[in-house]
Amino acid sequence: MNPFSVQHIKHTQDITGLSTEDGAKYIAGGTNLIDLMKLQVETPSQLINLSQWEDEQSITEESDHFRIGAMVTNTTLANYAYQKPSLSLLSQALLSGATVQLRNRATTGGNLLQRTRCYYFYDTTKACNKRQPGSGCAALTSMNRIHAILGTSEDCIATHPSDMAVAMMALNARVVLNGHSDGIREIPLRDFYCEPGSTPHVENVLKDDEVISAVIIPKQCNGTQYYRKVRDRSSYAFALVSVAAGLVLKNDTIEKLTLAFGGVGTKPWYPASAIKLLVGTEFSDEVLDLAIDAELADAKVYGSNNFKPDLLRNTFKSVLNSLYEHQRENEDYEGALHEN
Ligand code: SF4
C-alpha cells in the first residue's frame, strides 16, 4: 500500500480553508474506498476524513422538506425513514442494500458516491476505461451479467450500485454541494450523475473542490410506495434489477407516479419516457407494457445480461400492479367503513 497522509474535518469551515493535494480523496465510512485501496484501484496520497464532520450528522424536518446531513449513517436514515410514510421507499431501499454492520458505517454522502461493482474495475490486470482511461473495457465481450442496458456507451457499461440513490431519485431528491469556488449549490439528483460516454471515469458533476454536504427530499404525497429488488441470492447482493415506485390514483387514472430503476442503468435510472406515458392515463396492463416499451427503446444488451429487459419489464409490472391492488383494497376498506 502507498503511504498517505490523513487530514480530519470537524466543521464546515474546515472544508473552505482546506488545501488538498492532487491525489487527495475524501473518506467518510470507508466501506468502499478502503476496499479499493487494498486492491490498488485507488492509491490516494492524502485522505480527508469527513466522518467526524459534526455539522452534517443529523436529519432535520422543515415544513416542506427533509434535510439529511451527508454524514448521517445508512442505519440512522433507514430508521428515520421507516417512521415517515412519505419516505417509505427510502427505508425499504436502505434495508435491502447492505448488512447492518455496513449500514452502521456507510454514510448518506458516501453511498451516493460509491463506485461500480463491475468485476473488471476491481481487477487491475484487466482493461477498464473507468479505472484507466483509454485502456479498453473488458466487460463488453466478457461476463457482463450484472452490467447495464440503459445509458451505456462503447467505452463502459457498468451499473451504479446504490439502492439508496434509486429511492432518492424517485423521491425527487436534490443534493447540496459545498466547494471553494462555487460556494454552496443545490442540484437535482437527476442531474448529478453522468452517463459514461467517452469519459467513464467522470461519474458525476462534483468539482474537485466540492463535497456533498446534504440531501434534500421534498415533502410530497407519493401514495403507497414499494422498493423491489431482484438479486442473484436472497441474502445481501447488488441488484440485477430494482424498481422504486409510488402511485397515486384518482378513480382508475394515474394522477401521480414516482419511479426510478436500479441495476439497469449506468446511473440510477429516471425513466422519463415511461412516466410521461403513464401520468394522466387510465391504469391497465396494456399501458404498463407501452410505458416499459418506451423506456426500453434505446436499451442494449451485451450477452450475459440479455435477460435484463424482460426482468425489468416483469418487475416493473409486478410492482405497479401491487401498488394498484393496494390502493383498490384501501378504497374498498374505506368505502365499507362509510357504509357502516
Ligand atoms: Fe471498466 Fe466500465 Fe468496462 Fe467495467 S464496464 S470494465 S467499469 S469500463
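This passage looks at the cavities, the ligand site, one pocket and the salt bridges of a predicted model.

A good place to begin is the empty space inside the protein. Rolling a probe the size of a water molecule over the atoms shows where such space is left. In the whole structure, the search finds three cavities of 30 Å³ or more. The largest cavity has a volume of about 170 Å³. Its lining is made up of 20 residues, and those nearest the centre of this largest cavity are Lys130, His160, Cys194, Glu203 and Thr266. Sorted by class, the residues lining the largest cavity comprise 10 nonpolar, six polar and four charged ones.

The second largest cavity holds about 80 Å³ of space. A total of 16 residues line it, with Cys118, Cys128, Cys137, Ala139 and Cys156 closest to its centre. Here the lining consists of 11 nonpolar, three polar and two charged residues.

Where does the ligand sit? The ligand is found in the second largest cavity. Around the ligand there are 15 residues, and the closest of these are Cys118, Cys128, Cys137, Asp155 and Cys156. By class, this shell divides into 11 nonpolar residues, two polar ones and two charged ones.

Pockets offer a further view of the structure, and the second largest pocket has a volume of about 210 Å³. It is lined by 19 residues, and Thr159, His160, Pro161, Phe238 and Ala239 lie nearest the centre of the pocket. The elements that contribute two or more residues to this lining are α7 and β11 (253-262). The lining of the second largest pocket includes nine nonpolar, seven polar and three charged residues. His160 is thus named both among the residues nearest the centre of the largest cavity and among those nearest the centre of this pocket.

Attention now turns to the charged side chains. How many salt bridges does the structure hold? There are 17 salt bridges in the structure. One of them pairs Arg115 with Glu203, with the closest N and O atoms 3.0 Å apart. This pair connects distant parts of the chain, 88 residues apart: Arg115 lies in the loop between α6 (108-113) and α7 (163-170), while Glu203 lies in the loop between β7 (183-188) and β8 (210-218). Both Arg115 and Glu203 are buried.

A further salt bridge joins Glu186 to Arg174, and the closest N and O atoms are 2.4 Å apart. This pair also links distant parts of the chain, from Glu186 in strand β7 to Arg174 in strand β6 (residues 174-179), 12 residues apart. Glu186 counts as partly exposed because its relative accessibility is 42%. Arg174, at 29% relative accessibility, is likewise partly exposed.

Asp289 and Lys317 provide another example, their side chains meeting in a salt bridge at 2.9 Å, N to O. This contact links helix α9 (residues 285-295), which holds Asp289, with helix α10 (residues 308-339), which holds Lys317; the two residues are 28 residues apart in the chain. Is each partner buried or partly exposed? Asp289 is partly exposed, since its relative accessible area is 23%, whereas Lys317 is buried because its relative accessible area is 14%; the limit for buried is under 20%.

Salt bridges that share partners also form one network, made up of Lys25, Glu42, Arg115, Lys130 and Glu203. Two members of this network, Lys130 and Glu203, are among the residues nearest the centre of the largest cavity.

Technical notes
Residues are numbered from 1 along each chain as its sequence is written. This is a predicted model: local features need pLDDT of at least 70, side-chain atom pairs count only at pLDDT 80 or more; totals for chains, interfaces and linings use all residues. Side-chain values use heavy atoms; hydrogens and water are left out. A residue is near a molecule or strand if one of its heavy atoms lies within 4 Å of it. On a 1 Å grid over the protein atoms alone, a cavity is a set of points where a 1.4 Å probe fits but cannot get out, and a pocket is an open set with protein on both sides within 12 Å along at least five of seven lines; lining residues have an atom within 4 Å of a point. A molecule sits in a cavity or pocket if more than half of its atoms lie within 2 Å of its grid points. Ala, Val, Leu, Ile, Met, Phe, Trp, Tyr, Cys and Pro count as nonpolar, Asp, Glu, Lys and Arg as charged, and the others, Gly among them, as polar. Grid points are joined across faces, edges and corners, and a volume is the space filled by probe spheres set on the points. A salt bridge is a side-chain nitrogen of Lys or Arg within 4 Å of a carboxyl oxygen of Asp or Glu. Helices (H or I, at least four residues) and strands (E, at least two) are DSSP runs, numbered from the N terminus. Buried means under 20% relative accessible area, exposed over 50%, partly exposed in between (1.4 Å probe, protein chains only).
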